[in-house]
Amino acid sequence: MSLQKWTEMIEKRGDRKYNAYYYSFEPTGDEDIDLLLASFALAGKLAHHTENWSDDRDWSEHYGAAPATQIQALANQLAAKRYNEPCWDCGRTDLPLHVDYRCPECHEPGDDDDG
Ligand SMILES: [Zn+2]
């Protein structure tokens, strides 16, 4: 399985990388989250029915593995990366961070709101 093939196919899509077939996304400006959005868009472009995102056709040559497999692998990788980043308030690195980059002990509900 190659996540590299998957991300290369996303980059090749250029300006269309957030467009699926029936829907599209707006990038958030967060590189990791945008890569996940682009992955869902690519999956939607490749197979209109989600039942085909994990089917047994041979995805390996161009995409490394089936879309569902690649989205899961990418999410795991990004979560692991985020898990090891220090909390912006206390600096601890042993807990998964909330989207505001604060550990569960420093995170306050409502902090996720924009603005
Ligand atoms: Zn903290």
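The protein chain here has four helices and zero strands. Before I go on, note that this is a predicted model. Read from the N terminus, the order of elements is α-α-α-α.

Some overall figures. Along the principal axes, the C-alpha atoms occupy a box of roughly 45 × 30 × 25 Å. The chain has 115 residues, and 15% of them are buried. If we take contacts between residues at least 6 apart in sequence, 39% of them link residues at least 24 apart.

On domains, the assignment gives two entries: domain 1 covers 3-83, and domain 2 covers 87-115. Their C-alpha centres are 27 Å apart.

Next, the core. Which residues make up the largest nonpolar core? There are 10 in all: Trp6, Ile10, Leu37, Ala38, Ala41, Leu42, Ala43, Trp59, Tyr63 and Ala66. Two helices, α1 at 3-12 and α2 at 31-46, each contribute at least two residues to this core. The biggest contribution is from α2, which gives five residues. As for Trp59, a member of that core, its contacts beyond four places in sequence are Ala65 and Ala66. Ala66 is itself on the core list.

Now the helix pairs, starting with α1 and α2. At what angle do their axes cross? The answer is roughly 85°, and the axes come within 10 Å. An angle from 65 to 115 degrees counts as roughly perpendicular, so α1 is roughly perpendicular to α2. On the α1 side, the contact is made by Thr7, Met9 and Ile10; on the α2 side, by Leu35, Ala38, Ser39 and Leu42. By type, that is five nonpolar residues, two polar and no charged. Ile10, Ala38 and Leu42 also appear in the core I listed.

The second pair is α2 with α4, where α4 is residues 67-83. These axes also come within 10 Å, and they cross at roughly 175°. Angles over 145 degrees count as roughly antiparallel, which is why α2 and α4 are described that way. From α2, the residues involved are Asp32, Leu35, Leu36, Ser39, Phe40, Ala43 and Leu46. They meet Pro67, Gln70, Ile71, Leu74, Ala75 and Leu78 in α4. The division here is 10 nonpolar, two polar and one charged. Leu35 and Ser39 of α2 take part in this contact, and they are also listed in the contact with α1.

Two single residues to finish. The first is Lys45, which sits in helix α2. Is Lys45 buried or exposed? Neither label applies: Lys45 has 18 C-beta neighbours inside 10 Å, so Lys45 counts as partly exposed. Setting aside neighbours within four places in sequence, Lys45 contacts Ala20 and Tyr21. There is also a distance to Lys17: the two residues are 28 apart along the chain, and their C-alpha atoms are separated by 9.6 Å.

The other residue is Asp55, found in the loop between α2 and α3, with α3 at 60-63. How many C-beta neighbours does Asp55 have inside 10 Å? The count is 12, and Asp55 therefore counts as exposed. From Asp55 to Lys12 the sequence separation is 43 residues, and the C-alpha to C-alpha distance is 23 Å.

Terms used
Residues are numbered from 1 along each chain as its sequence is written. This is a predicted model: local features need pLDDT of at least 70, side-chain atom pairs count only at pLDDT 80 or more; totals for chains, interfaces and linings use all residues. A residue is buried if 20 or more other C-beta atoms lie within 10 Å of its own, exposed if 12 or fewer, and partly exposed in between; C-beta atoms are placed from the backbone. Two residues are in contact if their C-beta atoms, placed from the backbone, lie within 7 Å. Domain bounds come from an automatic or database domain assignment. A nonpolar core is a set of buried Ala, Val, Leu, Ile, Met, Phe, Trp, Tyr and Cys residues joined through C-beta atoms within 7 Å. Axes are lines fitted to C-alpha atoms, for helices over the stretch in contact, and angles run from 0 to 180 degrees between N-to-C directions. Angles under 35 degrees count as roughly parallel, over 145 as roughly antiparallel, 65 to 115 as roughly perpendicular and the rest as oblique. Ala, Val, Leu, Ile, Met, Phe, Trp, Tyr, Cys and Pro count as nonpolar, Asp, Glu, Lys and Arg as charged, and the others, Gly among them, as polar.
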